[in-house]
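Reader: Pick one part of this model and walk me through it closely, please. I care about cut-offs, and I'd like them spelled out as you go.

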Amino acid sequence: MAFISSGYNPDKPMENRITDIGPQKYDKFYPPVIAKNKGKWLYHEIIKPGVLVHVAESGDEVYTVRCGGARLMTVTHIREICEIADKHCDGHVRFTTRNNIEFMVDDKAKVDPLVQDLESRKFDGGSFKFPVGGTGAGVTNIIHTQGWIHCHTPATDASGPVKATMDVLFDDFKDHRLPAQLRVSLACCLNMCGAVHCSDIAILGYHRKPPLLDHEYLDKMCEIPLAIAACPTAAI
């Protein structure tokens with residue numbers, strides 16, 4: 001009766017329903033060539049490290065250029081990604097589950113200018129902002145947990161060890177000289193929210209000793225008081 005009194009009509013469940021709360025439906029953001037050929041792809045190939053082509057039954061092709069991204073990005077960096085997408089890809093860009101950035105174009109002639117633009121962009125220290133690679137028999141981007149930036153339980157930070165590790169593995173991010181694709185992950189504690197259990201190489205931080213508590217400040221910090229209050233016996 002509560003639903004009926006509020007105006008809900010079970011015979012027309014979508015009537016007057018508000019659907020624009022939260023993220024927009026993902027398929028609204030497909031590039032036209034992907035929307036046109038959804039579910040009708042014949043095969044894909046890796047042309048060279050970081051560059052893939054998918055071919056549809058219709059003969060349409062979509063070329064994807066993959067480059068390494070970071071788990072934590074500044075607004076300035078994200079705006080630069082959007083600027084590249086506007087310049088080369090009609091505004092379309094996507095991220096993989098391993099924090100890679102993928103730019104998609106529908107013409108092979110657009111691939112080389114896109115790759116050249118990506119690899120020409122560097123930080124002041126000389127390192128690549130958008131290194132192209134991470135496909136095939138090489139190292140994919142390292143996925144990792146939050147670390148000290150936003151977590152209460154880490155035994156180590158994530159960004160520093162990941163950067164140091166990827167510096168060593170960088171040549172294999174941009175090449176296909178390994179026997180197969182290699183996935184590396186880092187988790188900052190034994191909760192392992194960084195998917196290290198399903199990677200080829202896992203870097204795991206763990207506590208050797210129980211953490212020391214500063215009781216004077218503990219009950220004033222972030223979510224900790226809420227977590228403790230959630231247990232009726234205060235056993236947390």
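Author: What follows starts with charged side chains, moves on to one loop residue and the strands beside it in the story, and ends with some rings.

First, the ground rules: this is a predicted model, where local features need pLDDT of at least 70 and side-chain atom pairs count only at pLDDT 80 or more, while totals for chains, interfaces and linings use all residues. Residues are numbered from 1 along each chain as its sequence is written, and side-chain values use heavy atoms, with hydrogens and water left out.

Side chains of opposite charge can pair when their charged atoms come close. Searching the whole structure turns up 14 salt bridges (a side-chain nitrogen of Lys or Arg within 4 Å of a carboxyl oxygen of Asp or Glu). Let's zoom in on a network of them that links Glu 80, Glu 83, Lys 87, Asp 117, Arg 121 and Lys 129.

Take Glu 83 and Arg 121, whose closest N and O atoms are 3.1 Å apart. This bridge joins distant parts of the chain: Glu 83 belongs to helix H3 (residues 75–88), Arg 121 to the loop between H4 and S6, and 38 residues separate them. Helices (H or I, at least four residues) and strands (E, at least two) are simply DSSP runs, numbered from the N terminus. Glu 83 is partly exposed, with 38% relative accessible area, whereas Arg 121 counts as buried at 13%. Those labels use a 1.4 Å probe and protein chains only: buried is under 20% relative accessible area, exposed is over 50%, and partly exposed is in between.

Another bridge in the network puts Lys 87 and Asp 117 together, 3.4 Å from N to O. Lys 87 sits in helix H3 and Asp 117 in helix H4, so this pair ties together parts that are 30 residues apart in sequence. Its two ends get opposite labels: Lys 87 is exposed at 55%, and Asp 117 is buried at 10%.

Helix H4 also holds a partner for a strand residue. Lys 48 makes a salt bridge with Asp 112, with 3.9 Å between the closest N and O atoms. Here Lys 48 is in strand S1 (residues 41–48), Asp 112 is in helix H4, and they lie 64 residues apart. Both ends are partly exposed, Lys 48 at 36% and Asp 112 at 43%.

Lys 48 leads us to Thr 135, in the loop between helix H4 (111–120) and strand S6 (143–144). Neighbours within four places in sequence aside, Thr 135 is in contact with Ile 46, Lys 48, Pro 49, Gly 50, Leu 52, Arg 66, His 176 and Gln 181, contact meaning heavy atoms within 4.5 Å. With 2% relative accessible area, Thr 135 is buried. Its side chain reaches the backbone nitrogen of Gly 50 at 2.8 Å.

Arg 66, one of those contacts, stands opposite Glu 102 in S5. S3 (residues 61–67) is mostly covered, with six of its seven residues buried. It pairs antiparallel with strand S5 (residues 101–105) over five bridges, where pairing requires DSSP to find at least two bridges between the strands. S3 also pairs antiparallel with strand S2 (residues 51–56), again over five bridges, and there Val 53 stands opposite Tyr 63. S2 and S3 form a hairpin with four residues between them, and Gly 59 in the turn has a positive phi of about 95°.

Now back to charges, this time over rings. The charged end of Lys 122 sits over the ring of Phe 128, 4.9 Å from its centre; the test is NZ of Lys or CZ of Arg within 6 Å of the ring centre and within 35 degrees of the ring normal. Phe 128 is clustered with Phe 170 and Phe 173 through ring pairs. The structure has three aromatic pairs (rings of Phe, Tyr and Trp, the last by its six-membered ring, with centres within 6.5 Å; planes under 30 degrees apart are stacked, over 60 edge-to-face, the rest tilted). One of them joins Tyr 26 and Tyr 30 edge-to-face, at 6.0 Å between centres and 65° between planes. Phe 170 and Phe 173, by contrast, have centres 6.3 Å apart and planes at 15°, so that pair is stacked. They are three residues apart in helix H5 (residues 159–173), which puts about one helical turn between them. Phe 170 is partly exposed at 23%, and Phe 173 is buried at 2%.

Conventions:
A polar contact is a pair of N or O atoms within 3.5 Å; within protein, one must be able to donate a hydrogen and the other to accept it, and residues adjacent in sequence count only if both atoms are side-chain atoms.
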